[in-house]
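Subject: Structure handover

Hello,

Here is the structure we talked about, with the sequence alongside. My notes on the ligand and its surroundings follow below.

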Amino acid sequence: MKQRILILGAGKVGTALGLAWLRAGHDVRFGVPVPDSTKYPALPAGRLQPASALRDAQLVVLAVPWAAASTALAALGDLNGVIVIDCTNPLGMGQNGLQLTLGFDTSGAEQLAQHAPGASLFKTLNQTGAENMADAGAYTATPVMFVAGDDSRHKPLVLQLVADLGFDAIDAGPLRAARLLEPLAMLWIDLATKLGHPRDFAFARVRHHPSPQPEAPQ
Ligand SMILES: NC(=O)c1ccc[n+]([C@@H]2O[C@H](COP(=O)([O-])OP(=O)(O)OC[C@H]3O[C@@H](n4cnc5c(N)ncnc54)[C@H](OP(=O)(O)O)[C@@H]3O)[C@@H](O)[C@H]2O)c1
């Protein structure tokens, strides 16, 4: 079913997701700080709008830097009944380079949910690089993308939107599971930025199919 999606941020993640969902037939708008800027040549004309206008979007996708996320949400005003998809990772610079700035007993997603009372917030689309999100169906094995959130009524819709991108969309449980999904994203980031793995990889779920056993001799 066609969804009205507002993507906050038209950087690497916002552009990849927005263009893929447009191809899948959804109605996508991009909320950006300066809508008449010429720095978004990849985006279709007429789809840029001020980042503070919710208009009639049913879904808001947070694709802004972590430091801007709570302000960007607050700028939208009343989010009662709105679905929010949080793609951010709470990153900052530490002693060993880029690292999570919080975790284990909370998560970025749970903190953001407190800035959006009445909204249904889901954590997903944070677990692989932006360049792998637009055409996830093109992998040798379907990449996995976990979805965490407390709203079981709207979770199937979010899982479908993630599947529309070509992912193996898996329910990871309540929003507190974001405490696991943000470190999973950090593992991807470390592999890609510190351990030399080309960025075109994603995690996948593979199933064990036992090979047929040879028949016992008669
Ligand atoms: N890059 C990845 O591979 C990747 C993968 C998974 C998750 N993430 C997460 O996704 C988020 C976005 O990452 P990205 O790589 O797409 O970042 P990016 O390329 O730097 O883009 C960020 C976008 O957010 C916009 N922005 C900043 N403040 C805003 C506000 N208040 N309202 C609306 N838009 C605002 C920026 O606008 P201007 O251009 O005008 O500054 C820019 O378009 C981050 O939290 C990141 O951790 C990234």
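In this predicted model, a backbone N or O atom of Ala-130 lies 2.8 Å from an oxygen atom of the ligand. The backbone also takes part at Asn-89, where a polar atom is 3.4 Å from a ligand oxygen. With Tyr-40 the contact comes from the side chain: one of its polar atoms lies 3.3 Å from an oxygen atom of the ligand. On its own the ligand has 900 Å² of accessible area, and the protein covers 77% of that.

The shell around the ligand

How many residues surround the ligand? There are 25, and the closest are Lys-12, Val-13, Lys-39, Val-64 and Ala-130. Sorted by class, the shell consists of 14 nonpolar, eight polar and three charged residues. Two helices, H1 (residues 12-23) and H2 (residues 66-74), each supply at least two residues of this shell. Which element gives the most to the shell? That is H2, with three residues.

The pocket

The ligand takes up the space of the largest pocket. The volume of this pocket is about 860 Å³. Its lining is made up of 35 residues, and those nearest the pocket centre are Lys-12, Val-13, Val-64, Pro-65 and Leu-91. Four elements give two or more residues to the lining: helices H1 and H2, strand S6 (residues 91-94) and helix H5 (residues 178-193). H1 and H2 are thus named for the ligand shell and for the pocket lining. Lys-12, Val-13 and Val-64 likewise appear among the closest residues to the ligand and among those nearest the pocket centre. By class, the lining has 21 nonpolar, eleven polar and three charged residues.

If you are opening the model for the first time, Ala-130 is one place to begin, with its backbone atom 2.8 Å from a ligand oxygen. From there you can go on to Tyr-40 and Asn-89.

Regards

Notes
Residues are numbered from 1 along each chain as its sequence is written. This is a predicted model: local features need pLDDT of at least 70, side-chain atom pairs count only at pLDDT 80 or more; totals for chains, interfaces and linings use all residues. Side-chain values use heavy atoms; hydrogens and water are left out. A residue is near a molecule or strand if one of its heavy atoms lies within 4 Å of it. A polar contact is a pair of N or O atoms within 3.5 Å; within protein, one must be able to donate a hydrogen and the other to accept it, and residues adjacent in sequence count only if both atoms are side-chain atoms. Accessible areas come from the Shrake-Rupley method with a 1.4 Å probe; for residues, only the protein chains shown count as cover. On a 1 Å grid over the protein atoms alone, a cavity is a set of points where a 1.4 Å probe fits but cannot get out, and a pocket is an open set with protein on both sides within 12 Å along at least five of seven lines; lining residues have an atom within 4 Å of a point. A molecule sits in a cavity or pocket if more than half of its atoms lie within 2 Å of its grid points. Ala, Val, Leu, Ile, Met, Phe, Trp, Tyr, Cys and Pro count as nonpolar, Asp, Glu, Lys and Arg as charged, and the others, Gly among them, as polar. Grid points are joined across faces, edges and corners, and a volume is the space filled by probe spheres set on the points.
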